[in-house]
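Reader: I would like a close look at one part of this structure, the place where the chains meet. Please also say what lies in the interior and take one residue as a worked example.

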Amino acid sequence: MNSPNTLRRRYSTTMIVLTLLTVTAMLVGSLCGAARMEWRQLLESDIFWQLRLPRELLALAVGAALAVSGAGYQSVFRNPLTDPYLLGVSSGASLGAAIAIIMGLESHPYGVGLMALATGLLTVVVIIRIASTGGRLHSTTLLLCGVCLTLMISAIVSFLMVMHHDKIDRIIFWTMGSLTAAAWSDVALVGSVAIIGIAIMLFYAKDLNLMLTGSETAESMGVDVERVKRLVLGVTTLMVAFAVASCGVIGFVGLIVPHSVRLIVGADNRHVLPASALAGALLLLLCDTAARSLFQPSELPIGSLTALIGAPLFIILIYRNKKRF
Amino acid sequence: MLQTLHLSHGYDNHTVLNDLNITIEDGGFYAVMGANGCGKTTLLHCLGGLIRPNQGHVTIAGTDIAALSTRQRAKQIALVCQQQYDDFDFTAYDIVMMARNAYQRRLSHESVADRAIVEQAMRDTATWHLRDRVPRTMSGGERQRTMIARALAQQTPTILLDEPLSNLDIAHQIEIMELLTAINQQEHKTILIVLHDLPMAYHYCPSLLLIDHGSADYIGPMREGLTTQRIERVFGVSTTINESKLTLTYK
């Protein structure tokens, strides 16, 4: 098996490789797109400064935020199959975003984000009420609960769409996920929420490790479990809400990224969280570059691309864990 | 010295612990016994400060446990719970190192001293060779010894264990009891262990805390307390006791 030193070395290597890959992906991604240009032309064009660069940066921020949120939910609920999308938190947040658009709150810089946060948090509270026993989410109840909430919320969103024809395009955008509308203001907002959120999560990484061994055990080893749980759920949901508000529902990032990362660096959240942030950023950047350049001039919804990668992987995970359900 | 004063606790309308007044002597090795649902686990959680009781107090050396911070409490009492969870693969070494949490600053990594303490705890429990393994791949006995190593690394004067023998075969049960006896005698730690096995408790534990319907039926020396009449009344089974051979058998 793996000794602590091997794992630490692997963690450093992983971080270096991920950083190099992300930089490369950004460089290559900047050249991809409908308008083909040389580097010198590109650096002088608005296409780079106003479209491609903010879009790439938003992809990085959203990817990092979703991946770290996934790892956070997994630690708090002690269930490795948890993800903001499967829990229904992402759809919950999308409902808030839809309501905000209908109420005309889009002009306010935080309007959509805060409404998404409110409904996202409400979803988390509902999940805890329904599905957790002794602070732990059982896989079966978790999945049923998430599916039901998602179905219910998409029904409500459909109602809202029918009743508000004029805003239908904007609302569809939230349900499918897209980075098309990325602007510098989004980058600033989501970027700062992601950086602050991830920093707070790192601060509590050790507590999350202890909580994975059971809340009573963690409490007996000096973790204020209730406080950490509330704080982490609040911060993760905040990150999910602002990610959803900026680019809609993008599923499975929070599931596949921490899972793959754990296979390489082990279970220690002090390594899993930073590596997930980088890997999530890279994954979403790659997916978005593929989404906008594979079938030009049409663009694939990025949410369906991540689902196409994530859902089969999720099924493999369930298959491998069948005994433990 | 661990004490409870008029300790009462319940869930909804159901009383679990009812006006419990007990004193746990320093350096004692207590078997906590009683029928299912009599309040043993709730008592352990109250003593460990995990539950704030509805009424009454738990004190450590005269200080109310509710007045201690979570970290301060973690330096006084270690707890080995029943539940074990293996979906996340921490190595045995990582798990034992977690016990050092209360002594570490939040963002700092483990110190040389932490590492020495963890190694010593794992050597004392014969788990050092398992350090790179994950609990999922261990036998029940190895897993339980790892949990005891963790409690040792927490360096508390008191260790509480909730049914550590369940799911173990008899050889491993004896191994764990021998280990706890050694910890109690050599390191003078106070040990409270929830047990169901009367003969095992009678043989190994010098003291008994017998809980019946949420009240302390008896606390004191095992030999004087565990009589055939009392066992008959609390558990409803007949036994014979051979005091000279330290054995208790079911009729």
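Author: What follows goes from the interface to the nonpolar cores and then to a single residue. The model is predicted, and every value below is computed from it.

Begin with the contact between the chains. Chain A puts 35 residues into it, and chain B puts in 35 residues. Together, chain B and chain A bury about 3,200 Å² between them. Of this area, 56% is on carbon and sulfur atoms.

There are also charged and polar links. Four salt bridges are found across the interface of chain B and chain A. One of them joins the side chains of Glu219(A) and Arg73(B), with 3.4 Å from N to O. Seven residue pairs are in polar contact across this interface, both residues of a pair being at pLDDT 80 or more. On the side of chain B that touches chain A, three elements supply at least two residues each: helix H2 (70–74), strand S7 (77–80) and helix H3 (92–98) of chain B. H2(B) gives the largest share, four residues. By type, the residues on this side of chain B divide into 14 nonpolar, nine polar and 12 charged.

Now the interior. In soluble globular proteins, nonpolar side chains tend to be buried together. In this model the largest nonpolar core has 153 residues. The residues with the most contacts inside this core are Val62(A), Met177(B), Leu180(B) and Leu195(B), so named from both chain A and chain B. Helix H3 (residues 46–76) of chain A supplies the largest share of the core, 15 residues.

Met177(B) shows what such contacts look like. Setting aside neighbours within four places in sequence, Met177(B) is in contact with Phe29(B), Leu165(B), Ile193(B), Leu195(B), Met200(B), Tyr204(B) and Cys205(B). A second core, separate from the largest one, has 27 residues. Among them are Val16(B), Leu20(B), Val32(B) and Leu79(B).

Last, the worked example, Leu31(A). This residue lies in helix H1 (residues 4–31) of chain A. Its relative accessible area is 30%. Buried means under 20% and exposed over 50%, so Leu31(A) counts as partly exposed. Not counting residues up to four places away in sequence, Leu31(A) touches Arg36(A), Met37(A), Trp39(A), Leu42(A) and Arg52(A). Arg52(A) is 21 residues from Leu31(A) along the chain, and their C-alpha atoms are separated by 8.9 Å.

Definitions and conventions
Residues are numbered from 1 along each chain as its sequence is written. Chains are lettered from A and ligands numbered from 1 in the order in which they are written. This is a predicted model: local features need pLDDT of at least 70, side-chain atom pairs count only at pLDDT 80 or more; totals for chains, interfaces and linings use all residues. Side-chain values use heavy atoms; hydrogens and water are left out. Contact means heavy atoms within 4.5 Å. Buried area is the accessible area (1.4 Å probe) that two parts lose on being put together, summed over both. A polar contact is a pair of N or O atoms within 3.5 Å; within protein, one must be able to donate a hydrogen and the other to accept it, and residues adjacent in sequence count only if both atoms are side-chain atoms. Ala, Val, Leu, Ile, Met, Phe, Trp, Tyr, Cys and Pro count as nonpolar, Asp, Glu, Lys and Arg as charged, and the others, Gly among them, as polar. A nonpolar core is a set of buried Ala, Val, Leu, Ile, Met, Phe, Trp, Tyr and Cys residues joined through side-chain atoms within 4.5 Å. Buried means under 20% relative accessible area, exposed over 50%, partly exposed in between (1.4 Å probe, protein chains only).
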